[in-house]
Amino acid sequence: MLNYVIKRLFSMIPVLVGISILLFFMLRMLPGDPAQVLAGQMASPEEIETIRKQLGLDRPVYEQYLSYLGRLVRLDLGRSARTQNPVIEEIWARLPNTALLAVVAIGLACLFGIPAGVISAVRPYTWVDYAVTMGALFGISMPVFWLGLMLVVVFAVVLRWLPAGGTGSWQHVVLPSVTLASFVVAFIARMTRSTMLETLSLDYISTARSKGLKEEVVVIKHALKNALIPIVTVVGLQFGLLLGGAVLTETVFAWPGIGRLIVDSILARDYPVIQGTILIFGLLYILVNLAVDILYVVIDPRIRYE
Amino acid sequence: MRQLMNRFGKVLAIAVLAAAGLWPAAPSAQAQGKEIKELVIAIGVDADTLNPQEQTTTLIQNMCDLIYDDLFFQDPAGKLHPRLATKYEVSPDGLTYTLHLRKGVKFSDGTDFNADAVKLTFERALDPKLRVPLRFAIGMVKECVKIDDHTVALKLNYPFAPLGPTLSMTLVSPISPAAIQKYGDEVRQHPVGAGPYILKEWVKGDRLVFVRNENYYGEKPTVAQITWKIVPEDATREAMLRSGQVHVCYKPLPSNLAALKADSGITVEMPLDTRTIFMGLNCQKGVTVDKKIRQAFNYAVDKKAIVKKILFDTAQPMDGPVSPVVFGYQKMDQSYDYNPEKAKQLLKEANFDFSKTVAMRTPQGRYLFDKQVSEAVQAYLQAIGVKIELRTYDWPTYTAGLLKPLAETELEVFLLGWGPLILDADMGLYGQFTCEVNPPKGLGSAFYCDAEYDAIMKDSRKEQDPQKRLDLLKKASQKVWDDCPWIWLHVEKFVIAYSSKIKGMVVTPTEKFYPQYVTLN
């Protein structure tokens, strides 16, 4: 197992190098001159040229990449062209916020999504199942932006129970995490329902029932445990995506996360920040996937990694 | 010589008169009110830098004003008030401005504010190695010479009459020399000025917290702490204002203004701005070379309808080439009111080729409803038979096309905004319509170039007599208005909403507001 983990960690290196190459060259293909954006609307061509030199953008692209890779090896993500702050500082200032939101949202989604999916599967084609299915459909279809604003209007403006946006207390986390969770909960509920339905129709469940086991034990211990693998996969993928920042939710709730940083950097053509954040996002995504793979072993002892 | 001396006398008198007025009346009058512990202001963007010389965003310049203070303050009526500089004198040839600095002032780190600090500020602003996006605004300054501890002389390359108001720009706000020594370029993260506030905390993407500078030379601010809360979404800023989470909402959603105005708990201010929004028409290339066609395009567009239906009255149709709030504005006699029949007639007279497709370009998300405004203009032009192909770009892509020289430019009809940073017409009339600013040297992307116009504008820069200068600016305005290098669209309004308990907010047409002396009822 340890060997497997080490091997997986090493395999991250070519993946990250691949991401860095793709990202670096794709960004340079974007129209728009970062030097001009930085120099301002009224800068002279000479001033724009000076900034281009300062940013190293006057050199051939391959040279720029090699120099970037050289810094990357020393774990230096460079400095933001816009703020001149080290990119790692810019990311670090926002990553904990994004992580907090992602953890709470995914926690809420699991808390409500898995039981809803289980109940729905245990009582298929009843009003409970239809209600859960409708709820899930509602959650998936509802634009996050709209839901967020509606929650703000109801809970912040009308009832004044919760703050409309910002950070600072547990109350601030409630609305953005519920908004984010609404989408993920629907996914998890649908996935749980379908895998549970499949599992509940298997022979060993009939055997368990015929042994006279309580229905709760059959459903939770025998069915759910075996249905967990695809659910964990979905949860892992969703969690990885959330770690990349939920731009719309962060925007609506003035949540200072990584999503806004990426968007703002793209709009300013701030290459170092875009490269740094996407690379970190890639790294986190790989790590979450690794964690999910390890979790498979815990859930299903039959799985062995050599 | 006598004439020059008379002129000098007048200029000196104006400067001294300006110096006689102390702080703007509104803030001082409110200073007696109850102290506010914290004022929370919801804004849309985080600061990228708090070095005033690197800043182009008006909102962040506004923050810098509170940290650094300015040499002068230009009030909403355009009058200059002394701040860190108490007065200035202009030499008879207009090439030397002598600035008298306020005595007994210290930066918030205890460093003395003096001529050395101002000299260093100008030297840095003029240093081509440093990134100073608005350097062009003081491009006429050759050097800053120290006369004595509290006097400096600005030597100019050429006479520049509106230098007085230019000195009210955040661009030349003095920075503590000790802070520059200590932090170097990182002063952008560690701002130290002589203003009424000090940066206490900066949580990236979330908030900036300013606390009162207890050693401030001026009247003690009534607000002990200002928290700038970063809320990117307009609707959320508004919700936070309505729920009482913030006191001030910067630029709320225009579509909700009617509802905000109807709310007795909220005050909405929307003074006319300096920024004009226009559709540039290439004067040297493509179908818009003919003046009659440019005039026809102006008659074809219903600007009043655009302002009312698309912009929710957060703008006003242009009736002169610059905003009514700037010195040098004059309402033009000739109007380009919506008249599609006249537009068609002019196109006919110009033998317009209706088979040609005209390229229209627009940014998206840069100005208020920019894409929608462009679509409306496209529809109006199509209604008189002109084929228009509209392309939309994000701002970085769009700006790359603006500075291309005539031979390379693809611009025929394009939407852009231009907001002078001081209340003077020069930055608009000179900065957009002289041959000198045709790309790639400047942003006069309509490629308007007229020798007579240039001569008038150059004379206006030399002219120190305000009345004579006003006449010249009006003459230039009339010429360019008739030549139509733009479809004259609208002048934006600066919208700010705040709790109606707040009294004494100073809001300026340069999109700035000064909350330091407000009181809460």
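Two residues are in contact if their C-beta atoms, placed from the backbone, lie within 7 Å. The exercises below use this definition. The model is predicted: local features need pLDDT of at least 70, side-chain atom pairs count only at pLDDT 80 or more, and totals for chains, interfaces and linings use all residues. Residues are numbered from 1 along each chain as its sequence is written, while chains are lettered from A and ligands numbered from 1 in the order in which they are written.

**Exercise 1. State which residues A:I188 touches, and place A:I188 in the largest nonpolar core.**

Step 1. Leave out residues up to four places away in sequence; A:I188 then touches A:A109, A:C110, A:G113, A:I114, A:G117, A:I231, A:V234 and A:V235.

Step 2. A residue is buried if 20 or more other C-beta atoms lie within 10 Å of its own, exposed if 12 or fewer, and partly exposed in between; these C-beta atoms too are placed from the backbone. A nonpolar core is a set of buried Ala, Val, Leu, Ile, Met, Phe, Trp, Tyr and Cys residues joined through C-beta atoms within 7 Å.

Step 3. The largest such core has 224 residues, and A:I188 is listed with A:V184, B:A42, B:M279 and B:I487 as having the most contacts inside it. Helix α8 (residues 170-200) of chain A gives the most to this core, 15 residues. Helices (H or I, at least four residues) and strands (E, at least two) are DSSP runs, numbered from the N terminus.

Step 4. Domain 1 (17-73) and domain 2 (92-299) of chain A both give residues to the core, so it lies between them. Domain bounds come from an automatic or database domain assignment.

**Exercise 2. Describe how domain 1 of chain A meets domain 2 of chain A.**

Step 1. Taken over C-alpha atoms, the centres of the two domains of chain A are 37 Å apart.

Step 2. Eight residues of domain 1 of chain A are in contact with nine residues of domain 2 of chain A. On the domain 1 side, α1 (2-29) and α2 (34-39) of chain A each supply at least two residues, and the largest share, five residues, comes from α1(A).

Step 3. Sort the residues of that side: six are nonpolar, two polar and none charged. Here Ala, Val, Leu, Ile, Met, Phe, Trp, Tyr, Cys and Pro count as nonpolar, Asp, Glu, Lys and Arg as charged, and the others, Gly among them, as polar.

**Exercise 3. Explain why helices α9 and α7 of chain B are described as largely enclosed.**

Step 1. In α9 (residues 291-300) of chain B, eight of the 10 residues are buried, so the rest of the structure largely encloses this helix. Among the buried ones are B:I293, B:F297 and B:Y299.

Step 2. The buried residues of α9(B) pack against β13 (272-281), α11 (340-349), α12 (370-383) and β18 (486-493) of chain B.

Step 3. In α7 (residues 234-242) of chain B, seven of the nine residues are buried, so α7(B) is also largely enclosed. These include B:T236, B:M240 and B:L241. After α7(B) comes B:G244, whose phi is positive, near 80 degrees.

**Exercise 4. Decide which part of chain B has pLDDT under 50.**

Step 1. pLDDT is the predictor's confidence in each residue, from 0 to 100. For chain B its mean is 91, and 94% of the residues reach 70 or more.

Step 2. Over residues 1-32 of chain B, pLDDT stays under 50. Where pLDDT is low, the predicted coordinates should not be read in detail.
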